[in-house]
Each structure stands twice: as structure tokens, then as C-alpha cells.
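Me: I'd like to go through this one and ask how each label is earned. Could you take me through it step by step?
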Number of protein chains: 2
Amino acid sequence: MSLRVLRPNGPTLVPTPRAGSGAVAEDTGCGGCLVRHLAVCAALPVEQARTLEALAGDIPLRAGEVLAREGDARREVFTVTSGALRRIRLLADGRRLVAGFLMPGDFIGFSGASHYRHSIEAVTDSSLCAFSMQDMRSLCSRHPELERELLERACVELDNTRANLMSLARMTPLERLASFLLDMDGRRRRQGHGGDEVILPMPRTDIADYLGLTVETVSRSFTRLRQDGLIATEDPHRVALKDRKRLAALAEMPA
Amino acid sequence: MSLRVLRPNGPTLVPTPRAGSGAVAEDTGCGGCLVRHLAVCAALPVEQARTLEALAGDIPLRAGEVLAREGDARREVFTVTSGALRRIRLLADGRRLVAGFLMPGDFIGFSGASHYRHSIEAVTDSSLCAFSMQDMRSLCSRHPELERELLERACVELDNTRANLMSLARMTPLERLASFLLDMDGRRRRQGHGGDEVILPMPRTDIADYLGLTVETVSRSFTRLRQDGLIATEDPHRVALKDRKRLAALAEMPA
DNA sequence: CGAACAGTTGATTCCGTTCAAATCTGGTGG
DNA sequence: CCACCAGATTTGAACGGAATCAACTGTTCG
């Protein structure tokens, strides 16, 4: 009933090109892509499915494995097709930041830098769809809709990241956690899931490093929200939102 | 020798369309634009100067005046041509965040939302060049280079905002301030200024709300950096960087 | 069974906040 | 010109909340 266990620092990534070869894996090309409606590819006409497939590489990752390391040269961009990843950055003395979590449909590649500014690690077993930056650029010049879609998404990501600034700079631990839970809920809903249950695939450490707190404080905050009846937790990775109203009030979110 | 005094909350913005009318103001159209090389417009061919001018509106702001309020409908995008502005957001109980500062050449308009998520206020007397979002969209469809430039800039802004996350989540007051000073220095340099002097047009309160600290802590951090010989300050708005190396070490920046 | 690790809970410490006050500056009006 | 005021900045003292240190529980996996 629980999720996969994390294994600390897996070896390295072995990108797996896919083009043209007789695929042993699932038969679903872009046409049957489960996250197409969530992904940037949706900006392209369906007839382009073949072209896309030819350019795309499929990358499976086991929990804990590293897709890219901070400092590596950026050569590809990705769309998450399943699982969950984290974007992390370390200071010399070990202080850690989780700059964000990446879920199915999310695009990885909005950066103006030539090298990764964060490592990208799989939180759970995941898979991604990869394009070389070159291919992506040429796709963009042929399909302005794609570039427009990318800009639109970059803007939304910027909105979200700016919202996180408020959380980190001025909100209390309880408020940050409420905010985080509602955010995760929103993402889950956008993926078509319903109900009041939020799934948190990541360990408490990741939540702490995402919210700028310690694990202990995060744990105490969960306990507090539970005691106050805002949430219920059968298992640390499954949280039931019991009182959306008060959660939203804590997070100071519109709804 | 000092900068303009801030006046708290000026009245409101009175946008000033400019197209076609016999301009009383400075004769410099886009051709003579002082920030053209810094602005997104640089992506357009020079022959387009006339077209741009016809679409652009000039907006002068006095220190403290508000360009846009959180919650207002977004109808225009802007390029800062002079001065300095801040992007702010308030919580119900008055807690304040400065999500960023906007300097000459900066583009204001990277957001996926239909309404402003932050208020934009002038820190000092400023001026901006305004385009309706409609005009901007049509310019983009005619000139893919412009859309590419916008995407590129949105990505860079995302990089910078993500870097701020680390500052807010995990760095000490001293490190945050060092980081901020080097950042401001970098922006000043990119505008063509040299020397070791950084100009901080904003009051300490803004710096505090930007770094997620109190004014007192910011002030103490300045004092500390001064005592340790990393900086010198003749006046609160002018800071001389005395020891870039140690500042960079504090900020954990590459250089 | 025992080791390793995630998560929770408790006790104590410490850093940044809060509260308070002094200093300095520029601007105003007598 | 100078006294005075308002706001910005700095400095000091005390407090408090999250970090730190530590211990315990529960689960997974060898």
C-alpha cells in the first residue's frame, strides 16, 4: 500500500535513444501518449505525431537516479511522462534546496543557462520524453504555435515560482505546508484525479528542503494540521484534505 | 548628492498614450532609445522603429506611484526605460514581499495570469514604454525573433527567480545580502556602468522584504559587512564593493 | 533477527524578530 | 539662517519560534 523506497544517489543517467529502432517497449508512440493533453506537444497538430516520435527519446529512471547534475552541459529538454522528480541545488556545506517538483506533463528545459543550475533526480520511478535542444529549436521555427506554448508555460512557471518566494520569505511553517498541500492537490486535479486525497510521493526531507524548513518542523506542522482537523493522514504519503476552507485561509489562496 | 525621496503610496497611474499625436516630450523615438540594446525590442530589425513607435506609449512615474495593482486586469506589457520599480505582494495582515526590482531594459509582462499577481510601484522617478498585449501578440506573430527573444528572457528571469529561492530558503542574512549586492552590481554592469560602486535606489525596507528579513537585520548585516571590510558605505544608497572575492564566497557565486 | 532509514516527538539552544530608543538627514516654515 | 519635524537608518535589549540535539517508533530489507 506504500510507495517505492528511495535509494539515495543512484549511479548516473544512461540516456536511451529510441528513434527508428524496433522498440521492445510499450507500443504507444506520441499518438497514444498518456500526457499529451498536458504536455507542450499538444501545441502541435496531431499529424505531426510521426515526426515527433522520430525525434523523441524515451528515458526511464528508477527512484533516486539522476537525470542531470548541476553544472552539466544542457543538451536536451524533457517532458515528464510518469512519476515524479525533484529539482535540487546544494550549497558547499550541504545545505539543500528543492527548487521544485516535476510531475507528468511538466516540461524540463526552461533555462537561459548553458549548464544545469540544478540537479534533477527521480523521486519515484519515472519516465521522460527527451528532445535534443537542437531538434526542439528547429521544431519551434517550423511551428510558431510550439514556441508560443513554451512561452506561455514559462510564464506560468514564473508565476508559480514567484508565489513560492512569498512562501519562503514571509509565511509561517504551517502556512507554507498548507500552501504546499493545496498546490500538490491542484496539480493532481489538473491530471484528472478527483477526491480529497493528495499523494505526496516525496519524503519529508524533500518537503522540508522545498519549504525552507527542517524535517522536524515539517513533521510537527503535519501533526498540528492533523490535530486541528485540517487534514488526515493514514500513511505519510497520503494526505486527506479535510477542511479546504481553512487550508486555503492559511495559505491565503483565492479559493 | 542623494537620491530622490520616496513618497509612500502615490495616487494612481494615469497611462499616457502617445501614438500619432504631436509629441511635446523628448524627440527620441525608438531610434534614439537609450535602452534599446537592453530591451526586447533589440530583437526587431531597426527598420521597424517606426512601427514600434506608433504602437508604443510612454509612461512617466514619480517615485512611489503605482503602475499596476495586484488584482488589476493585465492589458499592457512594459519595458523600463529609466528609474527603478519594485514588484510587491502583501498578505492580509500586512506582511510584505518584494518579489523583485525592475531596472532599465527589463521587460514587465511575463505572466500567465489574466490579472496582476503583484503590484508594481516606482521606487524612484521612472519611465516605461508600454504596449498593449494585443499589439505585442500581433508583433510576435509577425516577428518570430521577438517571440524567441521573449522566451529567452522569460527563461533567464526564471533562472534568477529560482536562484532567489535558495537565498530565501537556506542562506543566512549575511549571505543573502552579499548575494543581493553582487546581483545589483551585475545588473549595473550590464547597463554599462563600471567601478566598484553599487547604487541601491530602494530603501532598507524594500531590501528587507526582498530578502525575507526585517529592516533591523538588514541594517545589522550592512554594518557587519562594513566592519569586516567587504564593503564601504558613504551613504545608505551607495555601496562600494571592497572585497568581491569574499562577497562572492559568502554568496557562493561562481566568480 | 538486526541494520538502515523515514518519521515523529521531546528538550534545549540560538539566531533573527520584536520592542524600544537614539542618530542622522532633508525639508519646512518662522 | 536656524529650529523643528518626519522619515530613514542604525543600534541596543529582550523575546520567541524554528533549528539543533537527542531519543524513540515503525517499516523495509538483507
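Me: Let's start at the DNA: what supplies the largest share of the surface near DNA strand C?

Reply: That's H6(A), with five residues. Keep in mind that the model is predicted. Helix H6 (215–227) of chain A and helix H6 (215–227) of chain B each give at least two residues to that surface.

Me: Which residues come nearest to DNA strand C?

Reply: Out of 16 residues around the strand, the nearest are Arg204(A), Arg220(A), Thr223(A), Pro173(B) and Thr217(B). On the DNA side, sugar and phosphate make up 62% of the strand C atoms that come within 4 Å of the protein.

Me: What makes the approach of Thr217(B) to DNA strand C a polar contact?

Reply: Set the value against the cut-off: a polar side-chain atom of Thr217(B) sits 2.4 Å from a phosphate oxygen of DNA strand C, and the limit for a pair of N or O atoms is 3.5 Å. The pair is within 3.5 Å, so it counts as a polar contact.

Me: And how do you know that Arg204(A) and Arg220(A) touch the strand through different kinds of atoms?

Reply: Look at the atoms in each pair. Arg204(A) uses a backbone N or O atom, 2.7 Å from a phosphate oxygen of DNA strand C. Arg220(A) uses a polar side-chain atom, 2.9 Å from a base nitrogen of the strand.

Me: Now the protein partners: why is the pairing of Glu175(B) with Arg95(A) called a salt bridge?

Reply: Their side chains meet with N to O at 2.8 Å. The rule asks for a side-chain nitrogen of Lys or Arg within 4 Å of a carboxyl oxygen of Asp or Glu, so this Arg and Glu pair qualifies. Between chain B and chain A the count is eight salt bridges, and 24 residue pairs are in polar contact.

Me: Which element gives the largest share of the side of chain B that touches chain A?

Reply: H3(B) does, with 21 residues. By class, that side of chain B has 22 nonpolar, eight polar and 15 charged residues.

Me: What makes about 4200 Å² the figure for the size of the interface between chain B and chain A?

Reply: Interface size is often given as accessible area lost when the parts come together. Chain B and chain A bury about 4200 Å² between them, and that figure is summed over both, so it covers the two sides together. Carbon and sulfur atoms carry 58% of it. In residues, 45 of chain B are in contact with 46 of chain A.

Key. Residues numbered from 1 in each chain as written. Chains lettered and ligands numbered in written order. Predicted model: local features only at pLDDT ≥ 70, side-chain atom pairs only at ≥ 80, totals over all residues. Heavy atoms only, no water. Near = heavy atom within 4 Å. Polar contact = N/O pair within 3.5 Å; in protein donor to acceptor, adjacent residues only side chain to side chain. Helix = DSSP H or I, 4+ residues; strand = E, 2+ residues; numbered from the N terminus. Contact = heavy atoms within 4.5 Å. Buried area = accessible area lost by both parts, 1.4 Å probe. Nonpolar A, V, L, I, M, F, W, Y, C, P; charged D, E, K, R; others polar.
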